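These are my notebook entries on a two-chain model. I wished to record what was looked up, one topic at a time.

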Amino acid sequence: MAQQTDIKYLTPIAVDIRKKKYCRFKKSGIKYIDYKDGEFLKRFVNEQGRILPRRLTGTSLKYQKKVAQAVKRARHLALLPFVTDNLKSNN
Amino acid sequence: MLNHYETVFIMTPVLSEEQMKETVKKFEKVLLDKGAEIVHQENWGLRKLEYPIAKKTSGFYHLFEFVAEGSVVKDLELQYRRDEKVMRYLTVSMDKHAIAYAEKRRNLRKERAAAETEAAPVAEQPAENTNNE
């Protein structure tokens, strides 16, 4: 009689071990986020040009505010689009 | 109270290089007349816009970094609005981190420019006109 503890799986159960997110600004000691650097800011927007939430990027609140500010300034100066499609692929 | 400011403005692409320089001179004069001290300025040249402004898809960008009274900003922006050659402008006051960053950026650009002039006769940059959409 096989006991319950004897169950063997053919493939190991997928236990996803998520890597802990961290705030890249805190980690690398960046104090100021430049609105003039459109290429850098593209990391914080999705393909449609919307600002990515903190829960995805792991940015701390303090710097998320600054990222948002910088993205908005960059948009005003036409360094980033307000809306678009395929922001990442055509660059 | 004196503050540190940074201003970027976009001029229409219909201007010739000469006219563009003249416009920049004009705003430089506005700043100097009002007693501002220009710390740094940068010309980014003709740049593609991410979205059209006034039916134009490119523009001349210019940046000033200056130290002045807050009232100067008001005058400068009034001049921007009066000048039809200016399509967009943005003036921001800089905190201590921004000032530190700007200084670092300036040095970096200087170094890069120096390196480029050194390397220019040896290796020309490859042309980037293969980007068809």
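**Entry 1: A:Val67**

I began with A:Val67, which I located in helix α4 of chain A. The model is a predicted one, and I read every entry below with that in mind. I asked whether A:Val67 is buried or exposed. Its relative accessible area is 1%, so A:Val67 is buried. I then listed its contacts, not counting residues up to four places away in sequence: A:Val67 touches A:Phe25, A:Ile33 and A:Phe44. I also looked up one C-alpha distance, and found A:Val67 separated by 33 Å from A:Val15, the two being 52 residues apart along the chain.

**Entry 2: A:Ile33 and the nonpolar cores**

I turned next to A:Ile33, one of the residues that A:Val67 touches. Leaving aside neighbours within four places in sequence, I found A:Ile33 in contact with A:Phe25, A:Phe40, A:Leu41, A:Tyr63, A:Lys66, A:Val67 and A:Ala70.

Which residues of the largest nonpolar core touch the most other members? This core has 33 residues, and I noted A:Phe25, A:Ile33, A:Tyr35, A:Leu41, A:Leu77, B:Leu49 and B:Tyr61 in that role. Two or more residues each come from α2 (38–41) and α4 (61–76) of chain A, and likewise from β1 (2–11), β2 (37–53), β3 (56–69), β4 (86–93) and α3 (96–119) of chain B. The most is given by α4(A), with five residues. I recorded a further core apart from this one, with 19 residues, including B:Tyr5, B:Val30, B:Ala36 and B:Val73. As background, nonpolar side chains in soluble globular proteins tend to be buried together.

**Entry 3: Chain B and B:Thr91**

I counted three helices and four strands in chain B, and I read their order from the N terminus as β-α-β-β-α-β-α. Of its 133 residues, 38% are buried. Among contacts in chain B with a separation of 6 or more, 73% are between residues 24 or more positions apart.

Within this chain I looked up B:Thr91, which is placed in strand β4. B:Thr91 counts as buried because its relative accessibility is 18%, against a cut-off of under 20%. Its side chain makes two polar contacts that I noted: one with the side chain of B:Thr7 at 3.2 Å, and one with the side chain of B:Glu77 at 2.9 Å. Beyond four places in sequence, B:Thr91 is in contact with B:Tyr5, B:Glu6, B:Thr7, B:Val73, B:Glu77 and B:Tyr80.

**Entry 4: The interface**

How many residues does the contact take from chain A and from chain B? I recorded 15 residues from chain A and 21 residues from chain B. The buried area between the chains is about 1700 Å², with 62% given by carbon and sulfur atoms. Of the area that chain A buries against chain B, A:Tyr32, A:Lys36 and A:Leu77 supply 34%, more than any other three residues. I found nine residue pairs in polar contact between the chains. The side of chain A that touches chain B comprises eight nonpolar, one polar and six charged residues.

**Entry 5: Salt bridges**

Over all chains I counted 11 salt bridges, and across the interface three. In one of them, the side chains of A:Lys36 and B:Glu6 meet at 3.1 Å, N to O. A:Lys36 lies in the loop between α1 (24–28) and α2 of chain A, and B:Glu6 in strand β1 of chain B, so this pair joins two chains. Both A:Lys36 and B:Glu6 are buried. A:Asp34 and B:Arg105 form a salt bridge of 3.7 Å, N to O.

Within chain B, I found B:Glu42 bridged to B:Arg105, their closest N and O atoms being 2.7 Å apart. This pair links distant parts of the chain, with B:Glu42 in strand β2 and B:Arg105 in helix α3, 63 residues apart. Both B:Glu42 and B:Arg105 are buried. Through shared partners, salt bridges join A:Asp34, A:Lys36, B:Glu6, B:Glu42, B:Arg105 and B:Arg109 into one network.

**Entry 6: Positive phi**

Most residues other than glycine have a negative phi. I noted A:Ala78, with a positive phi near 60°, and B:Ala54, with a positive phi near 50°. A:Ala78 is in the segment after α4 of chain A, and is buried with a relative accessible area of 1%. B:Ala54 is in the loop between β2 and β3 of chain B, and counts as exposed at 55% relative accessibility.

Technical notes
Residues are numbered from 1 along each chain as its sequence is written. Chains are lettered from A and ligands numbered from 1 in the order in which they are written. This is a predicted model: local features need pLDDT of at least 70, side-chain atom pairs count only at pLDDT 80 or more; totals for chains, interfaces and linings use all residues. Side-chain values use heavy atoms; hydrogens and water are left out. A nonpolar core is a set of buried Ala, Val, Leu, Ile, Met, Phe, Trp, Tyr and Cys residues joined through side-chain atoms within 4.5 Å. Buried means under 20% relative accessible area, exposed over 50%, partly exposed in between (1.4 Å probe, protein chains only). Contact means heavy atoms within 4.5 Å. A polar contact is a pair of N or O atoms within 3.5 Å; within protein, one must be able to donate a hydrogen and the other to accept it, and residues adjacent in sequence count only if both atoms are side-chain atoms. Buried area is the accessible area (1.4 Å probe) that two parts lose on being put together, summed over both. A salt bridge is a side-chain nitrogen of Lys or Arg within 4 Å of a carboxyl oxygen of Asp or Glu. Ala, Val, Leu, Ile, Met, Phe, Trp, Tyr, Cys and Pro count as nonpolar, Asp, Glu, Lys and Arg as charged, and the others, Gly among them, as polar.
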